[in-house]
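These entries record what I looked up in one structure. I began with charged side chains and then turned to a helix and its surroundings.

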Amino acid sequence: MEDFLQKAKSSSQIIASLDGASKNRILNAMADALEANSSYIIEENQKDMQEGKANNLSSSLLDRLLLDEKRVVAMATSLREISVLKEPVGRILEGWVNDNGLKIQKISVPIGVVGVIYESRPNVTSDVAGLCFKSGNVAILKGGKEAEFSNRAIAKILQEVLEKNALPIEIISLLPDSSREGVAKLIKQDKYVDLIVPRGGEALIRYISSNSSVPVVKHDKGLCHTYIDKKADFKKAMEIAINAKCQRTGVCNAMETLLVDRVIANEILPRLYNAFIEEGTELKGCELTREYIEIDEANDEDFNTEYLANTLNIKVVEGVDGAIEHIVKYGSGHSEAIITEDYNTAERFLELIDASCVYLNASTRFTDGGVFGFGAEVGISTNKLHARGPMGINELTTYKFKIYGNGQIR
């Protein structure tokens with residue numbers, strides 16, 4: 001492990017000094033290589049899919065795991081989109097001259113060696129590798145064991161492009177020891193590793209946060225809510241609620257709890273019930289909700305659960321303040337939405353809700369680096385410091401001060 005990390009640390013100086021044009025050219029070469037080797041990637045992915053089915057992975061997890069021709073092309077497209085983003089390294093963030101005549105510049109620089117620990121989705125391997133490469137960082141990737149064949153194939157292809165360009169393969173590499181013990185070692189190596197980014201289940205996040213001596217940017221669970229206000233447009237509300245829950249259920253920006261203003265509960269809940277039943281959604285509700293529609297009871301544990309499945313909690317609340325109170329208690333700081341045509345109510349919600357992304361009249365499913373124009377994302381940060389929300393190339397940089405003097409002494 002230490003020998004591997006020493007090589008990674010040494011490689012960080014090489015990638016940090018690579019010019020923007022070279023990085024962009026290599027990113028496009030990586031995209032071409034992924035497409036050229038799509039049959040190989042899909043073949044390796046099928047090995048993961050077969051094991052996943054044998055291990056009784058849920059349908060939503062199998063969907064996250066699957067790679068087909070369309071998804072491989074999407075991976076390549078993400079790399080090309082990353083390549084055309086504005087160069088994140090070497091930006092002058094601020095500049096001034098102090099009283100002593102020192103010219104001071106605040107300059108963006110790479111973080112260094114970034115370890116990313118993630119589960120299920122193998123497209124994360126190429127997305128994170130591309131983002132780290134563009135921002136001048138070394139990427140140490142630890143994917144889930146359920147995607148082992150897929151991740152190896154993708155990393156191999158990207159490393160071959162590095163080799164063709166006379167760059168160390170350690171710039172993009174999988175953690176050689178992918179066991180729990182290997183992860184435990186990695187997160188203690190603050191001599192070589194500058195940042196750990198865990199994205200996955202609650203247990204993984206808690207373990208990394210509690211045990212890492214390397215700084216951590218958490219990509220925690222997504223307990224996302226949508227609140228339908230009494231002044232909502234019912235057509236918008238129905239379409240947004242269905243999309244937020246059902247468009248793709250096994251992702252962190254899917255809605256887990258729907259909040260409904262008591263004033264309109266009698267009118268809108270039966271419509272919502274019919275729409276969700278058509279989508280095959282398992283519904284659970286609070287005591288008030290169950291007075292209007294016949295569904296299972298939702299308890300405190302349910303409101304604290306990120307289902308990542310086609311299951312939804314519904315709660316009737318006393319207006320926007322009731323919605324805010326519920327989200328403050330149960331929200332994870334990820335994405336929250338309000339559906340209303342009342343400007344003052346909307347602004348109250350948007351101002352008081354403490355989450356990385358807050359929406360008016362739109363689905364929480366839009367919380368995504370690609371949708372935000374970042375090309376891809378390392379994940380959705382629920383931290384408040386350094387990075388928050390979709391984490392792209394600019395969030396993979398830090399800064400240093402360059403001071404230009406002419407003999408000044410203090």
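Entry 1. I looked up E267 in this predicted model and found a relative accessibility of 46%, so E267 counts as partly exposed. Its partner is R271: the two form a salt bridge, with the closest N and O atoms 3.5 Å apart. I asked how far apart R271 and E267 lie in helix 11. They are four residues apart, which is about one turn of the helix. R271, at 40% relative accessibility, is likewise placed in the partly exposed class, since that class runs between 20% and 50%.

Entry 2. I then examined helix 11 itself, which covers residues 262-278. Do its ends lie where its length predicts, or elsewhere? At 1.5 Å a residue, its 17 residues should span 24 Å, and the end C-alpha atoms are 24 Å apart, so the two values agree. I nevertheless noted a kink of about 50° at I268, shortly before the proline P270.

Entry 3. I checked both ends of helix 11. At its start, a side-chain oxygen of D261 comes to within 3.1 Å of the backbone nitrogen of V263. Just after the helix, G280 adopts a positive phi of about 75°.

Entry 4. Which residues of helix 11 are buried? I recorded I264, A265, I268, L269, L272, A275 and F276. I268 thus appears in the buried set and also marks the kink. I next traced what the buried residues pack against. Their partners include three helical or strand segments earlier in the chain listing, namely strand 7 (224-228), helix 10 (234-246) and strand 8 (255-261). Strand 9 (282-285), helix 12 (289-292) and strand 11 (311-317) are also packed against by these residues.

Entry 5. I returned to charged pairs. Side chains of opposite charge can pair when their charged atoms come close. How many salt bridges does the structure hold? I recorded 21. One of them joins the side chains of K156 and E160, at 3.0 Å from N to O. Both residues lie in helix 7 (residues 148-164), four residues apart, or about one turn of the helix. K156 has a relative accessible area of 41% and is partly exposed. E160 is partly exposed as well, with a relative accessible area of 30%.

Entry 6. I looked up R388 and found a salt bridge with D354, the closest N and O atoms being 2.7 Å apart. This pair links distant parts of the chain, 34 residues apart. R388 sits in the loop between strand 14 (380-381) and strand 15 (389-390), whereas D354 sits in the loop between helix 15 (343-352) and strand 13 (357-360). I read relative accessibility for R388 as 33%, which means that it counts as partly exposed. For D354 the relative accessible area is 45%, again partly exposed. I also noted a network in which salt bridges with shared partners join D32, E35 and R80.

Entry 7. My last item was R348, which lies in helix 15. R348 is partly exposed, with a relative accessible area of 41%. Which residues does R348 contact, leaving aside its neighbours within four places in sequence? I listed V320, D321 and I324. R348 and D321 are 27 residues apart in sequence, and their C-alpha atoms are 8.9 Å apart in space.

Methods
Residues are numbered from 1 along each chain as its sequence is written. This is a predicted model: local features need pLDDT of at least 70, side-chain atom pairs count only at pLDDT 80 or more; totals for chains, interfaces and linings use all residues. Side-chain values use heavy atoms; hydrogens and water are left out. Helices (H or I, at least four residues) and strands (E, at least two) are DSSP runs, numbered from the N terminus. The expected span of a helix is 1.5 Å times one less than its number of residues. The bend at a residue is the angle between axes fitted to the seven residues ending there and the seven starting there. Buried means under 20% relative accessible area, exposed over 50%, partly exposed in between (1.4 Å probe, protein chains only). Contact means heavy atoms within 4.5 Å. A polar contact is a pair of N or O atoms within 3.5 Å; within protein, one must be able to donate a hydrogen and the other to accept it, and residues adjacent in sequence count only if both atoms are side-chain atoms. A salt bridge is a side-chain nitrogen of Lys or Arg within 4 Å of a carboxyl oxygen of Asp or Glu.
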